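Work through the exercises below with the sequence and the structure at hand. Each task is followed by a solution in steps.

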Amino acid sequence: MIIPINLHSMKGLFKKYKTILIEFIINILSFSLLIVAQQIIALPIISRFYDTDHFGKIIIAFGISNIITSMFGFSIGSARLLDQKVYNNIYLKMLKSSSVLVVLISFFIYNYLFAGSYIDSFVYAIICVLGSIRYFFLSEYRVIDAHNWVFKQNFYYFLGILIGFLLFYFQKNWVMVFLIAEIVSVSFSYLYLHKNNFFKLFKDNSKLKLTNTTHLIINNGASYSLMYYDRFVIYPILGAANVSLYYSAAVSSKIGGLIINPLSNFILGKLAHKKDESNTRSIKIVILGSIFGTMFYFVLSVITTPILVSILYPNFLSKIEGVFVPICLGAAIMGGVNILKPLIMKYMGAKYYNKLFLVYGIILIIMSILLCIKYSLLGVAIANTISSGVLYIWLLISLYKYSIAKKTN
């Protein structure tokens, strides 16, 4: 039986979703550029100049900087997408006050990891503050749908990484690479936003419920902490050298995860512009997207991981081949979780998602510690896969029940 193809209908469907598709592709390219700068260029080159133990500490410091910036700049910016008062002055005040906290936290953390490096600790603190501001600026591009500037901001970051390596080859100081990247990226974004009177738009002095901001800070802090959980489990049990090994094994899956994580914010931004409160069609599309995305992500990462490790970290390859598959499966499942996450937050609330995520976190941490002690790096990978699977199935069931309830109302 031949099914007739309605070309007019297909053209109409393509035209309808053309803009969203183009914006989605721009976001993929944008965060791919950011990940290439950090994971493909910066960290592998830096690893050539340090032993595995010292590089393991660098990986921990780098992960902590991502946690800190996502907890504050990213969370405060994302709250603007959930609330109606996107230009409330409270957002700017929170950004300023949190910047002071970021400096203090990051300074002491770096000084703890690399004892006595006070100047580098201060540079690291500046990197974290600028990263927080960069993420906050990103929220404005979501609000005004200026997706080309998401790409530009990450392009300037990429350019900053390249400039930073010119200094690195003279000073051999890894923090200078990321400092230059943040300065270049934030400076260009600041000039653009200042030119468009971005800061003058914050005239709303009315009261603002901070529920969304609080829950996003908790969620992003927990989410990014658990994204880098392996470092915090492996470091005290197996040492910094094994942090380097596990990181290199997870390089392909981590790259995909770091692209999908910000893309969940893209979906959240699109949902924020919808006036209807229960779009069951959007829910079905995103659920299907998460399922196919998870499958594609897994297959792609399993294929690319050995290739990337052999190119980026050739000295580690023989020591980590046995953990590739469970690492890639766990990361792929979490990719699906991050696609579903904005739906849960939009229609069921950030608080509800945090409850589910708390259970996931408890399972992950307990299993990781127990299995790491018994099975070393393989145990950490298995714990990640099992706990991610529990969370993903739970989200699917929650969304299914929600859509059924809305249909019956």
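**Exercise 1.** Locate K172 and describe its backbone and its exposure.

Step 1. K172 sits in the loop between α5 (147–171) and α6; helices are DSSP runs of H or I with at least four residues, strands runs of E with at least two, and both are numbered from the N terminus. The model is predicted, so local features need pLDDT of at least 70 and side-chain atom pairs pLDDT 80 or more, whereas totals for chains, interfaces and linings use all residues. Residues are numbered from 1 along each chain as its sequence is written, and side-chain values use heavy atoms, without hydrogens and water.

Step 2. The phi of K172 is positive, about 55°, although K172 is not a glycine. Most residues other than glycine have a negative phi.

Step 3. K172 counts as partly exposed because its relative accessibility is 37% (buried is under 20% relative accessible area, exposed over 50%, partly exposed in between, with a 1.4 Å probe and protein chains only).

**Exercise 2.** Compare the span of helix α6 with the expected one, then describe the residue N197.

Step 1. Helix α6 covers residues 174–195, 22 residues in total. From its first C-alpha to its last it reaches 33 Å, close to the 32 Å expected at 1.5 Å a residue (1.5 Å times one less than the number of residues).

Step 2. N197 follows α6 and belongs to the loop between α6 and α7. Its phi is positive, near 55°, and N197 is not a glycine.

Step 3. With a relative accessible area of 38%, N197 is partly exposed.

**Exercise 3.** Is Q39 buried or exposed, and which side chain does the side chain of Q39 contact?

Step 1. Q39 is found in helix α1 (residues 7–47).

Step 2. Its relative accessible area is 2%, so Q39 is buried.

Step 3. The Q39 side chain makes a polar contact with the side chain of Y247, at 2.2 Å (a pair of N or O atoms within 3.5 Å; within protein, one must be able to donate a hydrogen and the other to accept it, and residues adjacent in sequence count only if both atoms are side-chain atoms).

**Exercise 4.** Place Q84 and state its exposure.

Step 1. Q84 lies in the loop between α2 and α3 (89–113).

Step 2. Q84 is exposed, because its relative accessible area is 75%.

Step 3. L208 is 124 residues from Q84 along the chain, and their C-alpha atoms are separated by 9.6 Å.
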